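Colleague: Could we walk through this structure together, one question at a time? I am new to this and would like to see how each answer is reached.

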Amino acid sequence: MAHDLAVDAKVIRRVYQKLRAAIFHVAELEAMESKLSGEIELDEAYFGGRRKGKRGRGATGKSVVFGLLERDGRVYTKVVENVSAETLMTHIRAKTRKGSVYYTDAFKGYQSLKRYGKHHTVNHTKSLVDKRTKNHINGIEGFWSFGKHILYNYRGVSKYHFPMYLKEIEYRFNHRRDNLFKLFLHTFFGYVSP
């Protein structure tokens, strides 16, 4: 973009960062307007560079992200400090309607979910889809793959800016059927001509 517009790359970087900050706030406001409901997939993911050692839960130096995906609907993501049951349940109560149907993996942090609605689990050590009940969390797993694929193109994002990049990915997913260019212009400038 800097080359095409014949401007300094730092200017373009500042504009993109301001747009990402605006998108972050818009995505959070949209999430506050209505809670997720119906069939909801929940999962946590670990984002970060390639490091030797443990992967997944317990990996050091990675950003922990908790996600909720309404099947055939919206997604909500949040960078969290840990995946304790208390942390997860706080976000679940705040972002979902009681009485929803929850799909998770067999992680013990989700055990108290049955107090808020139906809770179905998938044991990933055996299979990705439960052969008997057909329960799965492939939607949120697909979202994590989508997000990591987009972030790979940046060849590294600082921990400070990571939440803004994550919200950009969430916003793009939630508005996948809309004209993103017009939405970005409206978010950045506040008005788009018809």
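Modeller: Happily! Let's begin with a definition: buried means under 20% relative accessible area, exposed means over 50%, and partly exposed is in between. Keep in mind that this is a predicted model.

Colleague: Is tyrosine 16 buried, exposed or partly exposed?
Modeller: Tyrosine 16 sits in helix α2. Its relative accessibility is 35%. Since that value falls between the cut-offs of 20% and 50%, tyrosine 16 counts as partly exposed.

Colleague: How far apart in space are tyrosine 16 and phenylalanine 188?
Modeller: Along the sequence, 172 residues separate tyrosine 16 from phenylalanine 188. In space, from C-alpha to C-alpha, their separation is 9.8 Å.

Colleague: In which order do the helices and strands of the protein chain follow each other?
Modeller: Let's start with the totals: the protein chain has six helices and five strands. Reading along the sequence gives their order, α-α-β-β-β-α-β-β-α-α-α.

Colleague: What share of the residues in the protein chain is buried?
Modeller: The protein chain has 194 residues. A residue is counted here if its relative accessible area is under 20%. The buried share comes to 38%.

Colleague: Are α2 and α6 roughly parallel or roughly perpendicular to each other?
Modeller: Two packed helices are described by the angle between their axes and the distance between the axes. The axes of α2 and helix α6 (residues 180-189) come within 9 Å and cross at roughly 95 degrees. Angles of 65 to 115 degrees belong to one class, so α2 and α6 are roughly perpendicular.

Colleague: How many residues of the contact of α2 with α6 are nonpolar?
Modeller: On the α2 side, the contact is made by Val15, Lys18, Leu19, Ala22, Ile23 and Val26. Phe184, Thr187 and Phe188 contribute from α6. One residue of this contact is charged and one is polar, while the nonpolar ones number seven.

Colleague: Which residue pairs with lysine 167 in a salt bridge?
Modeller: Side chains of opposite charge can pair when their charged atoms come close. Lysine 167 is in helix α5 (residues 162-174), and its partner is in helix α2 (residues 9-33), 139 residues apart. Both residues of the pair are buried. With 2.8 Å from N to O, the partner is glutamate 28.

Colleague: Which residue of strand β1 has its closest N and O atoms 2.6 Å apart in a salt bridge with arginine 71?
Modeller: Arginine 71 lies in the loop between β2 and β3. It forms a salt bridge with glutamate 39, where the closest N and O atoms are 3.9 Å apart. The salt bridge at 2.6 Å is formed with glutamate 41.

Colleague: Is glutamate 41 buried or exposed?
Modeller: For glutamate 39, the relative accessibility is 37%, so that residue counts as partly exposed. The relative accessible area of glutamate 41 is 1%. Because that is under 20%, glutamate 41 is buried.

Colleague: Over what arc around the axis do the buried residues of α3 spread?
Modeller: The buried residues of helix α3 (residues 85-95) are Leu88, Met89, His91, Ile92 and Lys95. They lie on the same side of α3, because the arc they cover is only 165 degrees.

Colleague: Where does aspartate 72 lie, given its positive phi?
Modeller: Most residues other than glycine have a negative phi. Aspartate 72 has a positive phi, near 60 degrees. Its relative accessible area is 77%, so aspartate 72 is exposed. Its place is the loop between β2 and β3.

Colleague: Is glycine 117 buried or exposed?
Modeller: Glycine 117 lies in the loop between β4 and β5 (118-122). Leaving aside neighbours within four places in sequence, glycine 117 is in contact with Gly99, Ser100 and Tyr102. Its relative accessible area is 19%, and as the cut-off is under 20%, glycine 117 is buried.

Technical notes: Residues numbered from 1 in each chain as written. Predicted model: local features only at pLDDT ≥ 70, side-chain atom pairs only at ≥ 80, totals over all residues. Heavy atoms only, no water. Salt bridge = Lys/Arg side-chain N within 4 Å of Asp/Glu carboxyl O. Helix = DSSP H or I, 4+ residues; strand = E, 2+ residues; numbered from the N terminus. Buried < 20%, exposed > 50% of the residue type's maximum accessible area, 1.4 Å probe, protein only. Axes fitted to C-alpha atoms, helices over the stretch in contact; angles between N-to-C directions. Parallel < 35°, antiparallel > 145°, perpendicular 65-115°, else oblique. Contact = heavy atoms within 4.5 Å. Nonpolar A, V, L, I, M, F, W, Y, C, P; charged D, E, K, R; others polar. Arc of directions from axis to C-beta.
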